[in-house]
Amino acid sequence: MSIKFTRRQASALLLGGTVAAALAPVQPARAANSGLIFVSHEKTHDIWVLKPGTLEIVKKIKTSRRPRDIHFNKARTLLYAACGDDDVIDIIDIAKLAVVDQIPTSPSPEAFRLNSTETQIYVSNEEDSSLSIIDLKEKIIIHDVPTGAEPEGVILSPDEKTIYVTSEVADMVHVVDVKGGFVTDNIVVGTRPRRFWLTPDGKELWVTCELSGEIYVIDRVTLKILQVMTFLPPGFRQVDVTPVGILMNQDGSKCVIALGRANHIAYVDVKSRKIDAYVLVGSRAWNVTLSRDEKTLYVANGLSDDITVVDNIARKSIKSVQVGRIPYAVLIDD
Amino acid sequence: MLKAFAAISLGCALAFPALAQPAPAPDAPAPRPLEVQIQTLRFGFLELADDPRLDNDKAYARIQLRALGRAYDGVEVAIAEISGQARATGLNVAAERYQGAGAADLAQTADAWVKDKDIHIFLVDVPGDVMREVAKVLKGRKDLLLINTTAADDDLRATNCQANMLHTIPSYAMLADAMMQTLVSRKWTNIFLLQGTLPDDRKLGAAYERSIKKFGARIVEKKDFVLSNDQRIREANNVTLMTSIRRDYDVVIVIDTDGEFARYVPFNVSKPRPVVGSAGLITDAWHWAWERQGAPQLNSRFERLHKRRMTGYDWGAWVAVRALGQGILRTKSVDWQKVAAHIRSDEMKLDSVKGAVATFRPWDGQLRQPLLAVTDNAEIERLPMRGFAHATNDLDTLGIDKLETQCRM
């Protein structure tokens, strides 16, 4: 179980190896703080690069099929994109704005995280009911940890010893030991749990539960549920409230949650766990990203094929811009 | 994968396969893989050995309302999913399947299993007339719960309802309301109603007439068709002739639970008008082309296991088992009474995979759920549509509401 290859993965591995070898003499140019905005799309199989401010299209990067979750490496020279229909994670060179390498995964990778030393990547495999722990350098799956059906959100504890992964179908959060590659505990939460955020002090794990419309706040030490929050923006029904994307600002005082079909984002005061405000965005608000200066928030709207730019200080939508079909995630290189 | 799950459900103590390399740290207690004892809620699955709905002569034509396989296939997919959580919670479900000769045989089996096997929850996959008989024999029994997974008859939720029976498959009234919302939202309100004379056609027809009135549409013309090639009765079997009337209409609703007549109605109407109901655009609990809210994943799990596409009947059986899964998960118990109480309560947050939480209506035991209006290969509308609002739950714009129910439990 610890190491396995399919024929397809082996060939992808080979291909990846060739590309890497060809690239070896050329170090990717450092391109951090370019301000560029990256948007992944489930249906158009590409990642759009937008100019900061004007939001003009700089480039549409062709990727493997169905890119979903995206993350930078620490130096922001590379962008990783989990491509669900080709069972790979594409690696994009930020200076070139092109795919330069691939990591083979188990079937249907959806969400992932990198560790801080960028030696391992942790991927949920939606159709395979597993979490893969992959060695980045060797491109080998070290562990395939069985999970409930449709694993989705993945987050790494600050000490990097523990991974949390949701199972959408089993209504729970699995607690996975990174070193051993096994489940040490499970936390039953609301219906169809999706994504996570950890408070900056590392004490609380916040989980969005899409179908029951709730946020579960979990104490990381006891694994007990501290609070269950519900939302109801004006003019909507409880069934419309389907929270998915979640983030907190850097000091952990405020939390922003995309409310899905309720077409709003919610601002929550983290300490009091009270709702501060709702802001109207696009249709099926799906994922949220905050600029580093915390002045601007970007929301990917899955059903209106656009992203909404929100003034994070005034808490007002500024504008929405058209992107590709079914935008999944937004990331800013700032 | 299923094999692994099956093995797990049989075993008692279990650990994860990745257990092979535990890594004990020298000082801190090393994390250990979780080990759990598995408890299992066993339920019965009753079906007919010879179900007329699976008749090969009918199924070959792939008529949309026809079952393409046993609804039990949906049960297997749901059990595989729940086993995923069983490894964590220690709570699992398992099915005991029985194929009977008829209603009496099925009812007797249920009675015997309550006594001999301590099985109290029975999923039933039979046509409406058999469901009615099975339910009648077991009426008033407090030691069992029936879940009707494939019979859409409205009377089972009305005059023939009973306290120990729930329904996961949408009723005819719900299917008709879903269609009428689709039509009314398009302002296709002048209706040519073309219906068959089978008992089930009459039931579905009555549901449509009620729904047409409910949503303020009009019947311009209503005709009965005869399934025949007899030239002498062509005013009752020739679609073009039947639909050439002086008054205009927006849409033809054809009601044909058998399906053989309905499939020749589109493109044979004398005016260029769409055909809906039992052909063209139909409403159903499920369709393979529905691709939001986790549906592609469920469809691909089903197709991987059964090598065919998932239908409404499969969904009815699948969701019934998923409800039991919610019951054991939320009550942390395999006690059938606790599970039954949970799934009947407003507390149940059952993922319908159709974009809303499904719950059972307390007044008639019907599972409220979104429905789909579909063509052969596309989902056109998910119902209820925005704009059809209800005082408490928009899902109750589909089917019989509390104030109009004829069910007295």
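Two strands count as paired if DSSP finds at least two bridges between them. In this predicted model, strand β3 (39-48) of chain B clears that bar with room to spare: 10 bridges join β3(B) to strand β4 (residues 91-100) of chain B, and the two run parallel. One spot to look at is Gly44(B), which stands opposite Glu96(B) in β4(B). There is a second partner too, since β3(B) also pairs with β5(B), again in the parallel sense, over four bridges. Here Leu46(B) has Val124(B) of β5(B) as its bridge partner. How many of the 10 residues of β3(B) are buried? Seven are, so the strand is largely enclosed by the rest of the structure.

Strand β3(B) also helps to cover a helix. In α12 (residues 336-344) of chain B, the buried residues include Trp336(B), Val339(B), Ala340(B) and Ile343(B). They sit on the same side of α12(B), because they span an arc of only 100 degrees around the axis. The spacing fits a general rule: an α-helix has 3.6 residues a turn, so residues three or four places apart point the same way. And what lies over these buried residues of α12(B)? The cover includes β3, β5 (121-125), β6 (145-148), α11 and β14 (357-360), which belong to chain B.

Helix α11 turns up again in the nonpolar core. The largest such core has 212 residues, and Ile89(A), Ile265(A) and Val299(A) are the ones with the most contacts inside it. Its largest share, 11 residues, comes from helix α11 (residues 312-331) of chain B. Val299(A) gives a feel for the packing. Neighbours within four places in sequence left aside, Val299(A) is in contact with Ala258(A), Ile265(A), Val281(A), Gly282(A), Ala285(A), Val288(A), Ile307(A), Thr308(A) and Val310(A).

Zooming out, chain B splits into domain 1 (35-170 + 288-369) and domain 2 (173-284). Taken over C-alpha atoms, the centres of these two domains of chain B are 31 Å apart.

Then there is the place where the two chains meet. The contact draws on 35 residues from chain A and 26 residues from chain B. On the side of chain B that touches chain A, α3 (72-89) and α10 (295-306) of chain B each supply at least two residues. The biggest giver on that side is α3(B), with five residues. As for character, the residues of this side of chain B divide into 14 nonpolar, seven polar and five charged.

Methods. Residues are numbered from 1 along each chain as its sequence is written. Chains are lettered from A and ligands numbered from 1 in the order in which they are written. This is a predicted model: local features need pLDDT of at least 70, side-chain atom pairs count only at pLDDT 80 or more; totals for chains, interfaces and linings use all residues. Two residues are in contact if their C-beta atoms, placed from the backbone, lie within 7 Å. Ala, Val, Leu, Ile, Met, Phe, Trp, Tyr, Cys and Pro count as nonpolar, Asp, Glu, Lys and Arg as charged, and the others, Gly among them, as polar. A nonpolar core is a set of buried Ala, Val, Leu, Ile, Met, Phe, Trp, Tyr and Cys residues joined through C-beta atoms within 7 Å. A residue is buried if 20 or more other C-beta atoms lie within 10 Å of its own, exposed if 12 or fewer, and partly exposed in between; C-beta atoms are placed from the backbone. The arc is that of the directions from the helix axis to the C-beta atoms. Domain bounds come from an automatic or database domain assignment.
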